[in-house]
Amino acid sequence: MVTLTIDGKTIEVEEGTTILEAALKNGIRIPNLCYDRRLKPYGACRLCVVEVEGQPRLFASCSSPVTAGMAVKTDTPKLRKARQTVLELMLVHHPLDCPLCDKAGECDLQDFAYDYGKPEARFIRHRKKAPPDVRGPLVELTANRCILCGKCVRLCDEHQGRGALGFIGRGFPTVVQPAFGEILECDYCGQCIDACPTGALLSKPYKFKARPWFLEEKDTICPFCGCGCTLTLGIRDGEILRSRGVEGIGQSKGNLCGRGRFGFDYIYSKNRLKTPLIRITPRNSSKLGVKSLELKDKFQSQDSSLNPHPSSFFREASWTEALNYISENLRSISEQHGPSSIGAIGPHRCTNEDNHMLQKFMKNIIGSNNIDSSAAFGYAVVEKAWETAFGQKRHSINLTSPLDKEAILIVESDLTVTHPVFGLNILQAQREGSKIIVADSRETKLTRHSSQQLGIKPGTGIALLNGIMKIIMDQGLFNKETISGIAGFSALQTLLNDYTPEKVCRITGLTEAELTAASETYARAKSRMISLTISASENTKGMDTVLAAANLILLLGDDPGSLQIPAEYSNSFGAYHLLNGSNGLNNSSTGKDIFEMLYNPDSIRALYIMGEDPALNFPDTSSIINKLTSLDFLVVQDIALTETAKLAHVVLPASSWAEKDGTFTNAEGLIQQLQKVIDAAEQPLPDWRILKDLALSMGKDTGIRNIEDITKAITSSFILHPSSFNSQPCFSPINYSPAEKSDTYPMALILRDILQHSGSMSSRSKSLDLVASEAILEINEEDAKKLGIADNSHVKVSSSRTSVYLKARVSDEIPEGAVFVSLHFPHAKINTLTSHSNGMPSITMVKIEAVK
Amino acid sequence: MVRLKNINELKELRKVLEKETFKPDTMRAKVCCGTACTATGAYKVIDTFKSEAGKRDVSLEIVKTGCQGLCQKGPVLKIEPADIFYQRTKPENVQWIMGYTILGGVPYRQGLYRDNFLSEPVPLMTEVPFYKKQLRIALRNNGRIDPCNINHYLAVGGYKALEKALSSMTPDDVLNEVDKANLRGRGGAGFPAGRKWKHSKGAPGKIKFVIANGDEGDPGAFMDRSIMEGDPHSLLEGMALCAYAIGAQYGFIYVRHEYPLAVKNLGLAIKQAEELGLIGENILGTDFKFTVDIREGAGAFVCGESTALVASIEGERGFPRVRPPRLSEPGGGPWGFPSNLNNIETYACVPVIVEKGSGYFLAIGTKNSPGTKVFALTGKVKNTGLVEVPMGITLREIIYEIGGGILGDKKFKAVQTGGPSGGCIPEKYLDLSVDFDSLISVGSMMGSGGMVVMDEETCMVDVAKFFLSFTQSESCGKCPPCRIGTSQMLDILKRITSGQGQEGDIERLEDLGKKIVAGALCGLGNSAPNPVLTTIKYFREEYEEHIRDKYCRAKVCSGLGVYTIEHSECFLCGLCKEACAFGAVKELRNKFFIDQDYCTKCKACYTACPIGAVKVGKKERYSVQR
């Protein structure tokens, strides 16, 4: 610790702290334009100069470390004059177009000029001759306003690992631009917009929407991935106009990705539901014997091609009518076939309160245990594997865990895409000296920043993990002390005997040297971590991969926390723990799980789907659609008319994440408060309210009056005790089983998320659609040449089930023999090609043909 | 070449080479093949020598040496062993040199150096006034050896210092010797090299770099280029000694891309030294290991700044970085490894210090600035070129004795030292002793050693504008004081020199200049306003004349003054009328005069007049005439 005085105040800080950091920590403001706590000191703006007693020259406080006994002055006439001159010079070329600059009001340059400015200007005005670059979809670049603090350039390069911006030119004409002055093509995280101290980088969707001083800012939790970042939403007249990260706030400490920053506008999408809808079909009335509904003249006609019942229509209905209709039908099905013929599926996007209410509704009101959540395809797999391997419940995730690890192994995942903020921590670890070993079949941001890239063939992660274990075993690098206490070691040994480096290299396509180097680097590191992702939108990993990774963790005697598999969506963690048919029942019998409900034609007769879109998001959608259309009664409660909702008998409009209070549990298990920031347009209600009202219309009282009641109920039941379930850790030897190859379907179809989207919800965002609006099939250059596919042309993709048409992008980031596509977009219907595998990796083999 | 396995092998090799190279009984022409002499036709001279020698069947050894210094009078050559110096040698003179000197042993008078047309020619190189006062340490082998031949370097005592260090000195001994010699950095700031080396040696970490800064960007300065082109091995030896002293294993020579010959010769030298085992792994059979690599810069002046140079070596944009960490500290050098960075000339001095001891070096020069310094003497002086003089010599000696005085025997006005970041020194300081501290005391600096002499026909405002426009266009753009401040200063200077100067401009320049010096991030910005500040300090009246009287006394700035034709001198040739593009020169009754309403002060008539009858005057003169 070092003691110094700043402006007469005695301060004690750690050694190596800079004067500026010491001052900021202690509430002393030193003006600065190019400092950012995430970046290395840059020392360009010369505003943060301070005087140090006994030293004639001025010190740039952002880059001068403190020394013991230093007496610093931050505001003297000499400093004021120096700062004044710098600002005067900046304003020589910075245009005074504040009246039409969105930054005005929260512009650092404006504020400092106000603080230090002097009325007369001594110098001739000079401008750069760079017109605003408005070509990019989301970010606008006005070089004239740029003061070259370099924050955006450094943030993009050092922090985001993208490097999309750079300085072009030298001296006075220097401008910040994408390479060669082309259109900005980047991650669209928009971090540069937050960082820019002037209006040089602006958000295009927010442009000319509102002056910042008219905005009301409210904090809430991001609805997309499991990181649980805090969004600061700017609201005017009940409309969310922008979203930004505020330095140091929330789990991400102010970092946001493009989804959180630009994707919030999905709640303003055209197909948001406004009123309850009831389907009128002849089948409805005949089969169920429900009193035939009077047809009003106001029909809502649907696109007939998407409508599985062309003769039926949705009719707008009032809440009372819709709820009565549901309760009547549910009651009659329950009476005819028993309560267990009714099931419910909950989402990973709704709040804990909503999920709790659904659980309560099913168990107490309907009396059925058939309840499961969409987390079953992702996070539940992880939890199950976790329990098997480590004998513990509750997977412990820490988003900052990469930071102190010496070696990080990443298996067939791009965490910078699925969990951008977690990804940032991995990149930071790499900068701080961690060795990142990335095993992936395609090139990603992580492979580009890796210390060692293992270009394995798609879906061979298990073989790779087994191969690494074999080498560790052979070299005796495993932990001999802890290993004895773990069951299944001999079985693992037997299995591993089969995974000689030659065989593993044959399967994965690596060289033995690569494999050995990676294994040794990983095993010899002092602290280690394995990370991957499991979700319904990826098909190269599953429970087996998690178990294989867990074996490696156990073999090296690491803490279970070394396995970091964050939950995929904003509330997957909460959904898994709250909506689980076999968990915490008041009724001992186990209900049917999601696979049973969706894929078994005879399992149930009525389904209540809340906020989920199985007809799009889950594998083998044709079976799901068959099942859903054959149901006697299907209720879908969602914010928009989804693919599933189009099949429903009744559709109920729900409030979006911004329109309700509640809590989300992020991947770390942290319960974060969601704030109602705007009122819902027209009739949508929070999901829990709908369920409460439905219970009332069924003549039963849930005992819930308001949201606080639920929150209380959850907090008393939800706190899970890791010790509540404790058995011994054990090895579960996992054999690698290759995907079946056939000559008809030679290519592996790999599903991967893309950075701009999260599930199918974000595909309704206009802003994000500007960047990525359709599913694109990425194919290797060589394959494309062989098949005669040109870049940007259409291809026909066929699996043994059906075929779809997609646009192809020829890319050198993709390995030969595989094609990559994402699941986000409804029109693409990718899941009609895939098959359901109960949580195991299942790569679909397809045939690609060029469309002439 | 066979790799030398130990120090004795080197000694034996040198013994053989000393006998066989530069034998006193063979005739030798040492032709300067530096960039300037090559440009004036050195290779044509060599070809003629070869064909003449073939014709007359004479055995003549031709040595293509590096820069011999007197670039103004190139191509220059020396005939050995008689040591006769020829200048401005044309291919047609070669036959005479051949006949007189090589065959006859007498000088060929027409090719010798003379001070002027009337004076007696000087045959011996050591007697030429340009060389007489010089003492060559850094340039000791320039002009003596063929830079592409390591045998020549070994024959004149090259790698003796490395041999001495590896055989009888510990790294600390080497470091102490350099420290004792008080060798100050020749790149400009004059920071003691010994102290710098100690910092780097004391830095934690096993991997260290030795970096040689050959990014010589000052206009007119070329001493580093001459060393790299003419004596690359002395640089390599100096770097190896530094590496030995501080415990470094790798070296970088950062060279401007615009020095193709330097890059070529350095590359060749590294290859030859590696083949002989003088650099590389296990040097001379010891554990000492040192590999050197060349990095070419892309022509940015700012990359001569140490942190920007490091960024450039890393392949990043050449932006200066904040200090601390300094280069010698962890995190400061390339990729974060502690490094020692010195100028080329500094390294070239090291072998001499190690070989001959610090006492030899300390005996030369002044107490605080021992040794010699190379200057690139240019401007309005008779003999321009590279001069190496002991520190403490006066400016007058350099300009009038070595440089031969002002061109056309005009009046001396000022000398600019230290390149674009230096300052202008007026006549009253002509007897100032030249060393690091005294130059700083008069507001200038040693810099890399550029020395531009200016006569009375030089406008000081224009000079300041010239140097500032250089630094302004070379500003990297990172910090506002330098990026915007220098461009503002340049704007004001442009205004002043075009007659648009306003009251208060001088104060504005001074204030802004001081703020830039105090506020800029790196050395480039810290020193960029120096030419302006010193010219204001010593030649303020010229600035005032420009602003108030709209008059440039050196008649350099166009757009200033009042143009009139002196009728008593005019002989009515009419060239001024022809030259004027604006029809301002009118002819009337056998008389030319300038219509002030049309005159744009473009200076066309002034330059056109063959007898100087067009006069530029102050405003008052014009009004009196009316």
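This report walks through a predicted model, starting with the contact between chains A and B and then moving into chain B.

## Where the two chains meet

Let's start at the A–B contact. Chain B brings 31 residues to it and chain A brings 29 residues. Together the two chains bury about 2600 Å², with 58% of that on carbon and sulfur atoms.

There is some charge pairing here too: the rule picks out two salt bridges across the interface of chain B and chain A. In a salt bridge between Arg170(A) and Glu474(B), the closest N and O atoms sit 3.2 Å apart. Polar contacts across the interface come to eleven residue pairs, both partners being at pLDDT 80 or more. On the chain B side, α18 (460–474), α19 (480–497) and α20 (505–519) each supply at least two residues that touch chain A. The biggest giver is α19(B), with ten residues. Sorted by class, this side of chain B has 13 nonpolar, nine polar and nine charged residues.

## How chain B is divided

Chain B splits into domain 1 (25–80 + 84–123), domain 2 (150–361), domain 3 (372–455), domain 4 (460–549) and domain 5 (562–621). For a sense of scale, the centres of domain 1 and domain 4 of chain B, taken over C-alpha atoms, are 46 Å apart.

## Gln68(B) and Lys78(B)

Gln68(B) sits in the loop between β2 (60–65) and β3 (77–80) of chain B. Is Gln68(B) buried or exposed? Its relative accessible area is 0%, so Gln68(B) is buried. What does its side chain reach at 3.2 Å? That would be the backbone oxygen of Lys30(B). The side chain of Gln68(B) also makes a polar contact of 3.1 Å with the side chain of Thr65(B). Leaving out residues up to four places away in sequence, Gln68(B) touches a long list of residues, including Val31(B), Cys32(B), Phe85(B), Tyr131(B) and Arg136(B).

Lys78(B) belongs to strand β3 of chain B. With a relative accessible area of 7%, Lys78(B) counts as buried because the cut-off is under 20%. Among the residues that Lys78(B) touches, not counting those up to four places away in sequence, are Arg28(B), Asp83(B) and Ile84(B). Lys30(B), Met125(B) and Gly143(B) turn up in the contacts of Lys78(B) and in those of Gln68(B).

## A buried alanine

Ala221(B) is in the loop between β5 (209–214) and α10 (223–230) of chain B. At 5% relative accessibility, Ala221(B) is buried. Beyond its neighbours within four places in sequence, Ala221(B) is in contact with Glu216(B), Tyr259(B), Ala376(B), Ser448(B) and Gly450(B). Thr378(B) is 157 residues from Ala221(B) in sequence, yet their C-alpha atoms are 8.7 Å apart in space.

## Two helices with buried residues

In helix α7 (residues 160–168) of chain B, the buried residues are Ala161(B), Leu162(B), Glu163(B), Ala165(B) and Leu166(B). Their cover includes α1 (7–20), α8 (171–180), α11 (232–246) and α14 (344–356) of chain B.

Why is helix α13 (residues 306–314) of chain B described as largely enclosed by the rest of the structure? Because eight of its nine residues are buried. The buried set runs through Ser306(B), Thr307(B), Ala308(B), Leu309(B), Val310(B), Ala311(B), Ser312(B) and Ile313(B). Strands do the packing here: the buried residues of α13(B) rest against β5, β6 (250–256), β7 (291–297) and β8 (339–343) of chain B. Right after α13(B) comes Gly315(B), with a positive phi near 95°.

## Salt bridges elsewhere

Over all chains, the rule counts 85 salt bridges. Two of them sit inside chain B helices. Arg225(B) and Glu229(B) pair up at 3.5 Å, N to O; both lie in helix α10 of chain B, four residues apart, about one turn of the helix. Both Arg225(B) and Glu229(B) are buried. Asp505(B) and Arg508(B) form another salt bridge, with 3.1 Å between the closest N and O atoms. These two are three residues apart in helix α20 of chain B, so about one helical turn separates them. Asp505(B) is buried at 0% relative accessible area, and Arg508(B) is buried at 19%.

Over in chain A, the side chains of Glu216(A) and Lys218(A) meet in a salt bridge of 3.6 Å, N to O. Glu216(A) is partly exposed, with a relative accessible area of 44%. There is also a network of salt bridges linking Arg442(A), Glu443(A), Arg448(A), Glu778(A), Arg809(A) and Glu813(A).

Key
Residues are numbered from 1 along each chain as its sequence is written. Chains are lettered from A and ligands numbered from 1 in the order in which they are written. This is a predicted model: local features need pLDDT of at least 70, side-chain atom pairs count only at pLDDT 80 or more; totals for chains, interfaces and linings use all residues. Side-chain values use heavy atoms; hydrogens and water are left out. Contact means heavy atoms within 4.5 Å. Buried area is the accessible area (1.4 Å probe) that two parts lose on being put together, summed over both. A salt bridge is a side-chain nitrogen of Lys or Arg within 4 Å of a carboxyl oxygen of Asp or Glu. A polar contact is a pair of N or O atoms within 3.5 Å; within protein, one must be able to donate a hydrogen and the other to accept it, and residues adjacent in sequence count only if both atoms are side-chain atoms. Ala, Val, Leu, Ile, Met, Phe, Trp, Tyr, Cys and Pro count as nonpolar, Asp, Glu, Lys and Arg as charged, and the others, Gly among them, as polar. Domain bounds come from an automatic or database domain assignment. Buried means under 20% relative accessible area, exposed over 50%, partly exposed in between (1.4 Å probe, protein chains only).
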